[in-house]
Amino acid sequence: MKAIATVSRTKEILEKYELNAKKKFGQNFLTEPSVVERIADSIPKGTKRCAIEIGPGIGALTEQLALRCEKVIAYEIDDDLLPVLAETMAPYPHVEIRHQDFLTVDLNALVSELEEEGYTPVVCANLPYYITTPILFHLFEAEKQVSSITVMMQKEVADRFVAKPSTKDYNALTVITQYVADCKMVMKVPKEVFNPRPHVDSAVVQFTLRKYPRVAKDHGQFVELVKGCFTQRRKTILNNFTGVVRNKDLAKELLEKAEIDPSRRSETCTLEEFLTLYEVTYHD
């Protein structure tokens, strides 16, 4: 049988179940087998992998994960897709479809349960654009973490996650994400391989979660400092950082203590520099 991600099989499934992509769930069905194969191939090699998928749709990526992993757990929120997935995943008894909003999943319990069963949990998904960042931070902030997260998202969001200092895409989200994970661009995906076709291109990014050698004692405080430094992009870090500590003289003193020129802009500062600034501000 043809792969689910082919144009003809996707059309056949959608017509059989009288389905259309739902905008409210950010649905766009992949119709290029080589793309889903490459995404599934990009998850780290290992034994007894359990792939956790968010928003399987009609099962295009789920099928490829099932061919490569010992177990697949896919979370689908759309009632109408459950009978479709029951049919398309019938050949794969090791695939479990869970009818649940992924943002309500107790990740600590899920990861603990899988690890106790001997599985290595990895996340692999084509994320709905409108909820990409909340899903990622739900994963990042869990105490029990998966070993890797490989996800497709809107290309302009992907560009921010992997951006380098002094580039137009580098912002607070970049710094905060790169603090918790190594971020790697896996591939770019043109809009033409989706049904319906979105307005923008996509990209696949892989996040490898890590414990950064320099750990902020208060993660929330570090996040707020970084966000504060990017409040007004065109202004100097001194102007933005003054808003964080509420005193311009103190802001200048702390920046100089962190060996950051107050006349620089925040997008030129590295993750290491932001950590130093955080430390001299709150823990010196």
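Trainee: Which residues does Phe222 touch, not counting residues up to four places away in sequence?
Mentor: This is a predicted model, and local features are taken from it only at pLDDT of at least 70. Phe222 is among the residues with the most contacts inside the largest nonpolar core. Outside the excluded stretch of sequence, Phe222 touches Val175, Tyr179, Ala216, Leu271, Phe274, Leu275 and Tyr278.

Trainee: Which helix gives the most to the largest nonpolar core?
Mentor: That core has 64 residues, and Phe274 and Leu277 are among those with the most contacts inside it. The helix that gives the most, with six residues, spans residues 271-282 and is H12.

Trainee: How many residues are in the second, separate core?
Mentor: Leu30, Ala40, Leu65 and Val72 are included in this second core. Its residue count is 35.

Trainee: Which residue in S9 is the bridge partner of Cys183?
Mentor: Strand S7 (residues 181-189) pairs with S9 in the antiparallel sense, over eight bridges. S9 also pairs in the antiparallel sense with strand S6 (residues 149-154), over six bridges, and there Val151 stands opposite Val205. For Cys183, the partner in S9 is Phe207.

Trainee: How many residues of strand S9 are buried?
Mentor: S9 covers residues 202-209 and is mostly covered. Phe207, in this strand, counts as buried at 0% relative accessibility. Of the eight residues in S9, the number buried is seven.

Trainee: What kind of aromatic pair do Phe140 and Phe207 form?
Mentor: Phe140 is in helix H6 (residues 132-140) and Phe207 in strand S9, 67 residues apart, so the pair links distant parts of the chain. Phe140 is buried, with a relative accessible area of 4%. The ring centres are 5.5 Å apart and the planes stand at 65 degrees; planes over 60 degrees apart count as edge-to-face. The pair is therefore edge-to-face.

Trainee: Which residues form one aromatic cluster with Phe140 and Phe207?
Mentor: The count of aromatic pairs comes to nine, one of them being Phe140 with Phe207. The cluster that holds these two rings also takes in Phe137 and Phe161.

Trainee: Is Tyr282 buried or partly exposed?
Mentor: Tyr282 and Tyr278 both lie in helix H12, four residues apart, about one turn of the helix. Their rings form a tilted pair, 5.6 Å centre to centre with 50 degrees between the planes. Tyr278 is buried, with a relative accessible area of 1%. Tyr282 has 31% relative accessibility and therefore counts as partly exposed.

Trainee: What is the distance from the charged end of Lys48 to the ring centre of Tyr119?
Mentor: The charged end of Lys48 sits over the ring of Tyr119. Its distance from the ring centre is 4.5 Å.

How values were computed:
Residues numbered from 1 in each chain as written. Predicted model: local features only at pLDDT ≥ 70, side-chain atom pairs only at ≥ 80, totals over all residues. Heavy atoms only, no water. Core = buried A, V, L, I, M, F, W, Y, C linked by side-chain atoms within 4.5 Å. Buried < 20%, exposed > 50% of the residue type's maximum accessible area, 1.4 Å probe, protein only. Helix = DSSP H or I, 4+ residues; strand = E, 2+ residues; numbered from the N terminus. Contact = heavy atoms within 4.5 Å. Pairing = 2+ DSSP bridges. Phe/Tyr/Trp six-rings, centres within 6.5 Å; stacked < 30°, edge-to-face > 60°. Lys NZ or Arg CZ within 6 Å of the ring centre and 35° of its normal.
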